[in-house]
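Biologist: Could you take a close look at one part of this model for me? I'd like the metal site, in plain words.

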Amino acid sequence: MTAEITAKPKITDREDIAKRLLRGSAKASYDPLIEIDWDAPVDPDMWGIRPERISLYGTHLWDQLTEAQQKELSRLEVASIATIGIWFETILMQMLVRHAYHNDPTTQHVQYAYTEIADECRHTVMFAKMVEKLGWHTHRLDPVAFHLGRLFKTIAHGPLIFAGALFVEEVLDQIQREAIPDEQILPLVRSVARIHVVEEARHMRYAREEFARDWQNRGPIDKAYSKIVLGLITYYSATRLINPKVYEQVGLDPKEAYKVAKKNPHWIETKTWAARKVVATLNTGEAITGLGKYFWKKAGLLG
Ligand SMILES: [Fe+2]
Ligand SMILES: [Fe+2]
């Protein structure tokens with residue numbers, strides 16, 4: 001019993017943390033339209049992401065590709081991941097608007113929610129411009145994920161809003177943090193990562209606090225329901241990171257490549273590595289158990 005109590009995360013005063021986050025936003029927020037050189041050409045000799053983070057790395061299909069094709073695949077995979085970022089940030093913006101709608105706009109924490117929406121608006125445009133520059137012709141999500149996203153953004157409540165946000169933000173953050181200092185990666189991708197990492201650090205702090213505060217007051221039925229829905233949303237986000245059409249664009253059979261990537265131990269390890277922090281956070285609230293945990297595992301997020 002004592003262990004359970006001490007394992008609970010420390011929760012800072014809601015208004016105090018929001019005030020600090022707002023101060024941080026005033027000091028370090030960026031306009032990607034000004035900060036990034038959008039006219040610079042994309043060098044085909046550079047990587048979009050570290051080769052070992054590519055979904056086919058280490059497989060027989062990887063060995064079949066020339067280095068130029070591997071580099072093209074790396075740029076397309078980054079673009080595909082950014083497309084999922086756009087998908088989820090759009091979902092998050094709607095959820096945050098609904099969250100703010102129910103709360104007092106004169107409070108600091110609601111003003112922070114509005115600030116985060118403004119950040120996500122800029123991020124979405126930034127990702128969209130990067131996707132275009134990397135040569136990926138955005139393909140719509142498959143109908144199941146598309147409609148599940150529509151449903152989720154309409155019905156998700158407090159803990160689901162913030163646990164869902166934290167999942168996507170942490171996964172992107174890990175990949176982007178690694179890219180920032182890596183000189184083999186395109187300057188465009190590193191510049192986008194730099195802006196996103198700074199602003200998302202505040203979003204993640206906000207999401208962690210809001211989730212922990214809300215979660216501890218939820219009853220067992222609400223928690224059981226939330227864990228299943230969270231499992232589903234993480235499953236659909238993680239399994240859609242790489243759109244199979246990227247394989248087609250480098251000359252591979254998309255169905256075969258999708259199957260190979262799904263079983264690729266390197267790719268499973270990458271997903272588990274990218275999700276490890278959010279898994280640890282949610283585990284402190286025992287938010288990944290039962291049927292929900294099955295979906296996390298099935299998505300390759302738990303090793
Ligand atoms: Fe973002
Ligand atoms: Fe965010």
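Biologist: What spacing do the donors of the iron ion (ligand 2) follow along the chain?

Modeller: The donors of the iron ion (ligand 2) follow E-x48-E-x30-E-x2-H. Donors here are N, O and S atoms within 2.8 Å of the metal (3.2 Å for Na, K and Ca), and water is not among the atoms, so sites may look incomplete. Spelled out, that iron is held by OE atoms of Glu-120, Glu-169 and Glu-200, with Glu-200 listed twice, plus ND1 of His-203, at 1.9 to 2.4 Å. The iron ion (ligand 1) sits 3.5 Å from ligand 2, and Glu-120 coordinates both. Glu-120 belongs to helix α6 (residues 108–133) and Glu-200 to helix α9 (residues 187–215), so the pair ties together parts 80 residues apart in sequence. Helices are DSSP runs (H or I, at least four residues), numbered from the N terminus. Both glutamates are tucked away: Glu-120 is buried at 0% relative accessible area, and Glu-200 is buried at 1%. Buried means under 20% relative accessible area (1.4 Å probe, protein chains only).

Now the bookkeeping. This is a predicted model, where local features need pLDDT of at least 70, side-chain atom pairs count only at pLDDT 80 or more, and totals for chains, interfaces and linings use all residues. Residues are numbered from 1 along each chain as its sequence is written, chains are lettered from A and ligands numbered from 1 in the order written, and side-chain values use heavy atoms, leaving out hydrogens and water. As for pLDDT, the predictor's confidence in each residue from 0 to 100, the protein's mean is 94, and 97% of its residues reach 70 or more.

Conventions
Helices (H or I, at least four residues) and strands (E, at least two) are DSSP runs, numbered from the N terminus. Buried means under 20% relative accessible area, exposed over 50%, partly exposed in between (1.4 Å probe, protein chains only).
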